[in-house]
Amino acid sequence: QIIFSLSPGMGTCIALASYHERGYRKLAQDCALVAVLNSAFSIFGGFVVFSVVGNLSHTLGKPIEEVAASGEGLAFIVFA
């Protein structure tokens with residue numbers, strides 16, 4: 001998941017780099033920041049999704065296997 005969402009972020013870094021002057025030296029730091037923040041948001045999103053599914057399982061009194069669907073259906077359960 002992190003690798004697939006990292007590609008648009010790196011493309012954004014390259015596009016925004018065209019606005020810097022020619023001698024800009026912090027492009028590698030900017031790209032590293034995008035990579036770290038992207039990973040942090042993905043991990044945070046995972047915590048949110050599984051916390052909601054766990055709470056829903058506890059509230060309904062059902063095991064997680066019955067509450068959660070696999071794949072894209074998991075996101076629809078959490079955001080619905």
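Throughout these legends, contact means heavy atoms within 4.5 Å. The model is predicted, so local features need pLDDT of at least 70 and side-chain atom pairs count only at pLDDT 80 or more, while totals for chains, interfaces and linings use all residues. Residues are numbered from 1 along each chain as its sequence is written, and side-chain values use heavy atoms, with hydrogens and water left out.

**View 1. Ser57 and its contacts in helix 2.** Welcome to the first close-up. Ser57 sits in helix 2; helices are DSSP runs of H or I with at least four residues, strands are E runs of at least two, and both are numbered from the N terminus. Beyond its neighbours within four places in sequence, Ser57 is in contact with Lys62, Pro63, Ile64 and Val67. Ser57 counts as buried because its relative accessible area is 8%, where buried means under 20%, exposed over 50% and partly exposed in between (1.4 Å probe, protein chains only).

**View 2. A nonpolar surface patch of Leu33, Leu37 and Phe41.** Together these three residues have about 320 Å² of accessible area, computed by the Shrake-Rupley method with a 1.4 Å probe, and for residues only the protein chains shown count as cover. Patch members have over 30% relative accessible area and no salt bridge (a side-chain nitrogen of Lys or Arg within 4 Å of a carboxyl oxygen of Asp or Glu); nonpolar side chains (Val, Leu, Ile, Met, Phe, Trp, Tyr) are joined within 5 Å, like charges within 9 Å. Phe41 belongs to helix 2, residues 27-60, and counts as exposed because its relative accessibility is 60%.

**View 3. The protein chain as a setting for both close-ups.** Four helices and zero strands make up its secondary structure, in the order α-α-α-α. Of the 80 residues, 12% are buried.
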